[in-house]
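Ready for some practice in reading a protein model? Take a pencil, work through each task, and then compare your steps with the solution.

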Amino acid sequence: MVIDGEQFQKMCASAANSIDSQKTEINNLNVFPVPDGDTGINMSLTMKPVRKIHFAPGPLSETAGKVADSVLRSARGNSGAILSLFFRGMAKAFKGLDKADSKDIAKAIRSGTNEAYRAVSAPTEGTILTVMRGCADVAEAEAENYTDDPVAFFELLVKNAEEVLNKTPEMLPVLKQAKVVDAGGSGFVAILKGMLASLRGQDVPEVADSDSAGESQNQADFSEFNTESIKFAYCTECIVGKSKNFTGEGKATTFRDTIAPWGDSMVFIDDEEIIKLHIHTNDPGRVLSEALKYGALETVKIENMRSQHSALTDAGEAAAEEPVDTTTVEAPFGFVAVCLGEGTANMFHDLGVNQIVTGGQTMNPSTDDILNAVHRTKAEVVYVLPNNKNIIMVANQAAEIIKEGGVRRLVVLETRSVPEGMAAMLAFDESATPEENAAAMTEAFGNVHTLSVTRAVKDAAIDGMSIKAGEYMGLCDRKIGYTGTGRRAIVLRMLENFPDASFVTVLYGADVTEEAANKLLARMQEKLPDAEFAMIKGGQPLYDYVISVE
């Protein structure tokens, strides 16, 4: 028995459903208690488009190519980017094949693993890469023994992958300390299990949720509806895993009553162990911050309904979206930045950024999101500022796609925070070459320290620190250094590490009032009397303060 194009498509669709059904469990494996435990969501969204591709019967190579292209463009976060590269490597190995036996599959798994490893500059043992490599090793060693039985072959692969996954805590101390296995590796095992289920004739069914609800046969006409009539702009949804204090049905009514005046169209489900919330509001950050008082955020979804309506109106009666112009060049250079918060976006626009991609912690954009923003700049050379470590790989993948065809050149500056992105923009020189600018901008953001304050989404023990869900945490250059019940005190403690700071810029979040921000500013000026300060309403959710120190 061999695998053909039709069977491979079914395997990939089953894998997509498998990872989707386990995304919350995988999210919860996130080691650090910061609100970005979205590995499961990223991997699920990366695989999701595979289910919607129409596959006509054809050779395996054609099907694998379609899967790889779809997954590559939908990739989100590091885990999603690595996963997409795995499927890209498989497609390369399947090139020219109508069908594949166990030996061909083994070669494809090795090719996929190699492709993923090449994209990571410093691979770490105990991650998804380790699980992939273990799978490739056993596939190559045992392929000859399973030439007529792909089901038994995949059973062997799944068993080995689970064994390697269970060993990841011994390879990565932080996993052992947190008593969890690697989240990305767990997602990869879920995908293999989905493929195995399909081979057994027991395809994993699609999970019914708000994203997979059936689409209407008719297209609504929004042309007579005024965008400004939308009173509350942001459709905000989340699931909260209740903390012990609120476990039990009906124990979070105070939460419901508190946020009810902040919007409309609220649906509030107060179950035994979770809260499921849907509300239309103008301040999603405030809603999410309130949610954190009752437990850990398991899923978050925020959509700008005014933008959605404008897009529908602009589309008119056409069902299909306008294609992005990939050929027009109207400027020698342009900029794309990823960020959250209206104030932060406005700040980047003031610095010269052409296109903003909404995203960051908990909301990692896809490769296609970045590609579309790059093309909308209509520039020959486009500088991309990911502003988050979990978006860099996706941005680099967009650069590879641009390189393979098109009139633009994409330069990814590996900024890991909004302050680093700000510093990079300030260093740009119109008269310099792209290479000179890349070097100067990289040097500039390398001299910036990023401080941030957020709430812990779960109890954790990190580097000897005991952190409780709901406590404020202070992060210095992405490392947790301080915890406490007062965010202002944490900021001031972090500033003690920078007595020689010259410039300090503070972006305060959606859940911080102007009065509170100004009180903090006064205290910061007392602590660093020789530094220059700027206080800006960033409006970002979840992170109350994001601070640049130079």
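The exercises below go from confidence to a sheet, its helices and some aromatic rings.

This is a predicted model, in which local features need pLDDT of at least 70, side-chain atom pairs count only at pLDDT 80 or more, and totals for chains, interfaces and linings use all residues. Residues are numbered from 1 along each chain as its sequence is written, and side-chain values use heavy atoms, with hydrogens and water left out.

**Exercise 1. Find out where pLDDT stays under 50.**

Step 1: Recall that pLDDT is the predictor's confidence in each residue, from 0 to 100. Its mean over the chain is 87, and 91% of the residues reach 70 or more.

Step 2: Look for the weak stretches. Residues 210-229 stay under 50, and so do residues 308-321.

Step 3: Draw the lesson. Where pLDDT is low, the predicted coordinates should not be read in detail.

**Exercise 2. Work out the strand order of the open sheet of four strands, and say which strands stand at its edges.**

Step 1: Get the terms straight. Helices (H or I, at least four residues) and strands (E, at least two) are DSSP runs, numbered from the N terminus; two strands pair if DSSP finds at least two bridges between them.

Step 2: Follow the pairing, which is parallel, to read the order S8-S7-S9-S10.

Step 3: Check the edges. S8 (355-358) and S10 (409-412) each have a single partner strand, so one side of each is left without a neighbour in the sheet.

Step 4: Add the twist, which averages 20 degrees from one strand to the next. Angles run from 0 to 180 degrees between N-to-C directions, with axes fitted as lines to C-alpha atoms, for helices over the stretch in contact.

Step 5: Zoom in on one pair. Strand S9 (residues 379-385) and S10 are joined by four bridges, and Val384 stands opposite Val412 in S10.

**Exercise 3. Describe how helices H18 and H14 lie against the sheet.**

Step 1: Begin with H18 (residues 434-446). This helix touches S7, S9 and S10 (contact means heavy atoms within 4.5 Å), and its direction makes about 15 degrees with that of S9.

Step 2: Turn to H14 (residues 342-350). Helix H14 lies across S7 (331-339), S8 and S9, and runs at about 160 degrees to S7.

Step 3: List the buried residues of H14 (buried means under 20% relative accessible area, exposed over 50%, partly exposed in between, with a 1.4 Å probe and protein chains only). They are Gly343, Thr344, Ala345, Met347 and Phe348.

Step 4: Ask what covers these residues. The cover includes S7, S8, S9, helix H17 (418-426), strand S16 (503-508) and strand S17 (532-537).

**Exercise 4. Classify two of the aromatic pairs: Tyr146 with Phe153, and Tyr383 with Phe428.**

Step 1: Learn the rule. Rings of Phe, Tyr and Trp (its six-membered ring) pair if their centres lie within 6.5 Å; planes under 30 degrees apart count as stacked, over 60 as edge-to-face and the rest as tilted. The whole structure has twelve such pairs.

Step 2: Tyr146 and Phe153 are 6.0 Å apart, centre to centre, with 40 degrees between the planes, and this pair is tilted. Tyr146 is partly exposed at 22% relative accessible area, whereas Phe153 is buried at 0%.

Step 3: For Tyr383 and Phe428, the centres are 5.5 Å apart and the planes stand at 70 degrees, so this pair is edge-to-face. Tyr383 lies in S9 and Phe428 in the loop between H17 and H18, 45 residues apart.

Step 4: Widen the view. Tyr383 and Phe428 are both buried, and they form one aromatic cluster with Phe333 and Phe335.
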